[in-house]
Amino acid sequence: MPGTQLQNGHYRISRFLNAGGFGITYVARDSLNRDVVLKECFVEAFCRREATAVLPRSDNARPHLQRALASFGEEARILSMMNHPNIVRIHQLFAENGTSYMALDYVNGHDLVEIVDQEKGMLTPGQIVRMAERLISALSHIHDRGLIHCDVSPDNIRVTPAGEPVLIDLGSARHVVDGVVQQHSGFSLVTDGYSPPELYQTNGVCAAQIDIYSLAASLYYAITGRAPLDGETRLRAVIADRPDPLLTLAGAVPGYPPGFLATIDKAMAVEPDERFTTAKAWLRAMATPPVAPAKPLRQQLLPAASVQVPEAGDRNVVLMRRATLTPEAEQPEPAPKAIYSGI
């Protein structure tokens with residue numbers, strides 16, 4: 001409840017913030033009068049509360065609670081390895097009330113779900129491009145430390161009033177040892193729309209391309225306002241030799257730099273090998289605009305007498321009549337959207 005003190009009065013609960021399948025978050029004040037987020041390990045499926053104490057629901061649930069606490073501690077250790085402005089920072093991990101707590105930076109603003117679905121604000125194409133650069137850089141920071149995030153999604157991306165994105169949850173992250181992703185000791189989720197097709201397979205390969213797909217899917221959602229089609233449906237279509245049912249972004253959404261949307265389409269390819277192999281490769285592709293193709297041309301035919309018709313068996317290339325070429329009319333620039341402002 002508000003007013004509850006933890007860690008010998010170092011933290012005082014201000015208000016409830018959110019509850020998920022694996023924990024509860026609160027806004028609290030620390031002893032320096034700063035707002036922080038306290039994340040409490042509380043898995044409702046096998047936890048119960050008596051006053052402030054967290055207890056297993058039954059003897060059978062006890063090992064599950066211990067597993068959750070171990071996973072919670074691992075998340076804290078992973079966060080302690082991070083030093084990036086777009087990844088939430090951890091201050092402390094401590095045990096109390098029969099469970100564990102993390103003290104984290106309080107990131108003012110809203111997550112992408114609140115911004116898009118609840119219309120807390122709007123993001124311009126320029127802001128989304130900047131957001132993409134920051135978050136891809138954050139993924140590169142995670143991967144460089146031998147980790148895969150494994151749960152990038154719009155509700156794990158918080159955006160400050162200035163438009164700065166922050167990854168706030170590494171609870172499903174996994175270690176990579178000698179190029180092999182280690183079995184996760186805690187809990188993991190498949191999130192329809194944001195998990196890549198290989199996570200729907202029993203023996204799917206877990207690699208950096210998982211995070212690349214999930215981030216691209218989250219950006220797709222920010223751009224279109226709709227969650228992408230789930231990876232399992234896309235995979236079944238490709239296996240059945242049908243076209244990929246996901247609508248691509250390139251050429252369909254105005255206002256973005258040349259080639260930017262095509263990188264998102266590539267990052268969301270059904271086959272992992274067709275995506276960017278690393279976050280750094282994605283950043284390089286964004287920084288290198290594609291060579292502009294020739295503008296669409298309209299052809300005016302010349303008289304038929306100018307056409308050279310080959311004789312039978314002639315292997316020479318026939319030079320067809322040249323056309324008078326006229327560029328198509330330029331399209332007007334789209335009006336900019338309103339800039340996101342946090343509440």
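1. Two strands count as paired here if DSSP finds at least two bridges between them, and this is the sense in which β7 and β8 are a pair: six bridges join them, and the two strands run antiparallel. Within this pair, Ala95 has Ser100 in β8 as its bridge partner, while Ile90 is matched in β8 by Leu104. The model is a predicted one, and every remark below should be read with that in mind.

2. As an overall frame, the protein contains seven helices and 16 strands. Of its 343 residues, 43% are buried. If one takes the contacts with a separation of 6 or more, 60% of them come from residues that lie 24 or more positions apart.

3. The β7–β8 pair belongs to an open sheet of six strands, which follow the order β1-β2-β3-β4-β8-β7 with antiparallel pairing. Its edge strands are β1 and β7, each of which pairs on one side only. Helix α1, spanning residues 62–80, packs on this sheet and touches β4 (35–41), β7 and β8; the direction of α1 makes about 25 degrees with that of β8.

4. The connection between β7 and β8 deserves a look of its own, since these strands form a hairpin with two residues between them. Asn97 sits in that turn, in the loop that runs between β7 (90–96) and β8 (99–105). Although Asn97 is not a glycine, its phi is positive, at about 60 degrees. Most residues other than glycine have a negative phi, so a colleague checking backbone geometry may wish to view this position. The relative accessible area of Asn97 is 21%, and the residue is therefore classed as partly exposed, the cut-off for buried being under 20%.

5. A second non-glycine residue with a positive phi is Gln7, for which the value is about 55 degrees. Gln7 is located in the loop between β1 (5–6) and β2 (11–19). Is Gln7 buried or partly exposed? With a relative accessible area of 25%, Gln7 is partly exposed.

6. There is also an open sheet of three strands, ordered β9-β11-β12 and paired in antiparallel fashion. Here β9 (110–111) and β12 (165–167) are the edge strands, each pairing on one side only. Strand β11, made of residues 157–159, is joined to β9 by two bridges, and the two run antiparallel; His110 stands opposite Val159 of β11. Helix α3 (residues 125–144) packs on this sheet, where it touches β11 and β12, and its direction makes about 25 degrees with that of β12.

7. Turning to the helices, the packing of α6 (residues 260–267) against α7 (residues 279–287) is described by an angle of about 155 degrees and by axes that are 9 Å apart. Angles over 145 degrees count as roughly antiparallel, and α6 and α7 are therefore roughly antiparallel to each other. The crossing in which α6 passes α7 is right-handed. On the α6 side the contact involves Phe260, Thr263, Ile264 and Ala267, and these meet Trp282, Ala285 and Met286 of α7. By residue class, this contact of α6 with α7 comprises six nonpolar residues and one polar residue, with no charged ones.

8. How many of the eight residues of α6 are buried? Six of them are, so that the helix is mostly covered. The buried set consists of Phe260, Leu261, Thr263, Ile264, Asp265 and Ala267, and within it Phe260, Thr263, Ile264 and Ala267 recur from the contact with α7. The cover over these buried residues includes α3 and α4 (208–224) as well as α7; of these, α3 has already appeared above as the helix that packs on the β9-β11-β12 sheet.

9. A last remark concerns Gly255, which is placed in the loop between α5 (231–239) and α6. At 42% relative accessibility, Gly255 counts as partly exposed. Which residue lies 130 residues from Gly255 along the chain, with 6.2 Å between the C-alpha atoms? That residue is Pro125, and residue 125 is also where helix α3 (residues 125–144) begins.

How values were computed
Residues are numbered from 1 along each chain as its sequence is written. This is a predicted model: local features need pLDDT of at least 70, side-chain atom pairs count only at pLDDT 80 or more; totals for chains, interfaces and linings use all residues. Side-chain values use heavy atoms; hydrogens and water are left out. Axes are lines fitted to C-alpha atoms, for helices over the stretch in contact, and angles run from 0 to 180 degrees between N-to-C directions. Helices (H or I, at least four residues) and strands (E, at least two) are DSSP runs, numbered from the N terminus. Angles under 35 degrees count as roughly parallel, over 145 as roughly antiparallel, 65 to 115 as roughly perpendicular and the rest as oblique. A crossing is left-handed if the near helix is turned anticlockwise from the far one by less than a right angle, and right-handed if clockwise. Contact means heavy atoms within 4.5 Å. Ala, Val, Leu, Ile, Met, Phe, Trp, Tyr, Cys and Pro count as nonpolar, Asp, Glu, Lys and Arg as charged, and the others, Gly among them, as polar. Buried means under 20% relative accessible area, exposed over 50%, partly exposed in between (1.4 Å probe, protein chains only).
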